[in-house]
Amino acid sequence: MPTSTTLNQSLLCWFSEQQRDLPWRHTYEPYQVWISEIMLQQTQMDRVTVFFRRWMDAFPDLATLANSSEQSVLKSWEGLGYYSRARNILKCAKVLLKEHQGKIPASRKQLLALPGIGPYTAGAIASIAYNRDVPVVDANIERIFARLLNIDLIPGTPEAKKLFWKKAGELLPRGEARNFNQALMELGALVCRPKNPNCPICPVAEHCLALKYDIIQERPTAKKSKTVIPIDMATGILHHNGLLFIQQRLADDVWGSLWEFPGGRIKKNEQPEQTVIREFLEETELRVEVESKITTTIHHYTRYKVTLHCYLVKLAQSGNAPVLHAAQDFSWLPFEDLRNFAFPAGHRKLINFIKASGFNFHQPSCKPD
Ligand code: SF4
C-alpha cells in the first residue's frame, strides 16, 4: 500500500479543487463552525445551509444567542429535530459568555467540558475553526476507513470506535487538520457514499483495500437491523370561539418546552376518540367532546413509527380554566399564530396538513376529510 503521505496529498489536493462552497467555510469563524457542526449531526447538508443562514440572521454572534430566549432558539431550530441540540447550544452559549469571555476555546479538553459538545464536535471545532492537530471521526469517516483500510468491525461498537479514532490520529497530517478532516467528510458525502460509492472518481482509489479485494459491499460491516417500534397516539385540537388550545411541554420532558395539542398513547382496548377525551381530562382537567376526525399522520422518530390520529374537539363544559398536569404553560390563539410557536415534527406536520386543506376553525363543518 502506498504511504499515508501520498494518500493525504491526494485527498488534500482533491479537496482544494472539489470542496463545496459552504457559508461557514468563507471565514472559519469559530461560532459559525460550531453551529454548523451541531446542525450537521443527523441532518442533510442542503437543509443545513438553509437553516444555518436563517440562524445567523437571527443570532449573528455568540452574545446575541446567549441573551436570547429558549423559545426563540427552539423556534429557529424547528424542523431540524433532536431539540436537545438546540437547548444545549443555548446552555453552551451562556457558559461561554460567562466563563470564557464569549470566546469558543480551541483546546479539545476545554471544548469537551462544554454542554452538548462530545468528542466529534470538539475535534471538529478544534481542527476546522483553529486548525489544531485534532482528529475527528463521524459516520462518514468510519465508512471511509472501513473501506479504505478494510476494517471488519461493526461501526459504533467500542472496539471499532477505538480503532477508527486511532487511525484518524495516525493519518492526520500535522498542520493540515482543517483541510484534512473536512476532506474526509467531503469524500464521504460526495464520493464514498453509503450506497453506490463513486470509485472511478475517488482520489484515494489506489489506496483502497475494499476496492482492491472487491468487497466494498461488505464494508462497513453491517449492523444488526433494529426493529421498528410502532406507536399509536391520538391528539385533539380543541377550538373555542375561533381560538385553539395549545400547551407547552415540561422543560425536562421529551421535546421539552415545545408546544403541542394535548394527547397521548392509545391504551389497549381504547378507541382513539376515547384517548383524546381521557388525555384532555388527565392533562388539563378540561372535559371535551369529539366533533370529527381531522386526519391521521405517520411520522418516524429514530426507531419509532408514530401513527397520530387527530380529532377536532370542543368543550363539553365551558367556563372551566385548564389545570395543567403535563405542561408548564398554555395558550388560546388563532390558527394563523401557530406559526410563531415551535412544535414537534408530528404536530407541525398536522398543522401543515390543516393549512393545506383550507380548514376553517370558525366553521367546523368544513372538515378536511
Ligand atoms: S475507492 Fe471507492 S470504496 Fe474506496 S474509498 Fe474510494 S469511493 Fe470509497
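**Exercise 1. Which residue in S3 stands opposite Gln248? Trace the pairings of S2 from there.**

Solution.
- Gln248 stands opposite Trp259 in S3. Strands here are DSSP runs (E, at least two residues), helices are DSSP runs too (H or I, at least four residues), and both are numbered from the N terminus.
- The model is a predicted one, in which local features need pLDDT of at least 70 and side-chain atom pairs count only at pLDDT 80 or more, while totals for chains, interfaces and linings use all residues. Residue numbers start from 1 along each chain as its sequence is written.
- S2 and S3 (residues 259-260) run antiparallel and are joined by two bridges. Two strands pair if DSSP finds at least two bridges between them.
- S2 also pairs with S7 (residues 327-333), antiparallel, over six bridges. There, Gln247 has Phe330 as its bridge partner.
- S1 (residues 229-240) pairs with S2 (residues 243-249) in the antiparallel sense over two bridges. His239 is bridged to Leu244 in S2.
- The S1 and S2 hairpin has two residues between its strands, and Asn241 in the turn has a positive phi of about 50°.

**Exercise 2. Find the strands that pair with S6, and give the sense of each pairing.**

Solution.
- Take S1 with S6 (residues 304-315). The sense is parallel, over ten bridges. Ala234 stands opposite His309 in S6.
- Take S5 (residues 288-301) with S6. The sense is antiparallel, with twelve bridges. His300 has Lys305 in S6 as its bridge partner.
- Look at the turn. The S5 and S6 hairpin has two residues between the strands, and Thr302 takes a positive phi near 40°.

**Exercise 3. Describe how H2 packs against H8.**

Solution.
- Two packed helices are described by the angle between their axes and the distance between the axes.
- The axes of H2 (residues 30-40) and H8 (residues 119-129) come within 10 Å and cross at roughly 145°. Axes are lines fitted to C-alpha atoms, for helices over the stretch in contact, with angles from 0 to 180 degrees between N-to-C directions.
- List the residues that meet. H2 brings Pro30, Val33, Trp34, Glu37 and Ile38; H8 brings Thr121, Ala124, Ile125, Ile128 and Ala129. Contact requires C-beta atoms, placed from the backbone, within 7 Å.
- Sort them by class. Eight are nonpolar, one is polar and one is charged. Ala, Val, Leu, Ile, Met, Phe, Trp, Tyr, Cys and Pro count as nonpolar, Asp, Glu, Lys and Arg as charged, and the others, Gly among them, as polar.

**Exercise 4. Which residues come nearest to the ligand, and which helices supply the shell?**

Solution.
- There are 14 residues around the ligand, and Cys192, Pro197, Cys199, Cys202 and Cys208 come nearest. A residue is near a molecule if its C-beta atom, placed from the backbone, lies within 6 Å of it.
- H9 (139-148) and H12 (209-212) each supply at least two shell residues. H9 gives the largest share, three residues.
- The shell has 13 nonpolar, no polar and one charged residues.

**Exercise 5. Where are the domains, and what backbone features lie in the loops?**

Solution.
- Domain 1 spans 4-218 and domain 2 spans 229-357. These bounds come from an automatic or database domain assignment.
- Their C-alpha centres lie 37 Å apart. Seven residues from domain 1 and seven from domain 2 make the contact.
- Pro220 lies in the loop between H12 and S1. The peptide bond from Arg219 to Pro220 is cis, with omega near 0°.
- Gln101 is in the loop between H6 (84-99) and H7 (108-112). Gln101 has a positive phi of about 55°, although it is not a glycine.

Definitions and conventions:
Two residues are in contact if their C-beta atoms, placed from the backbone, lie within 7 Å.
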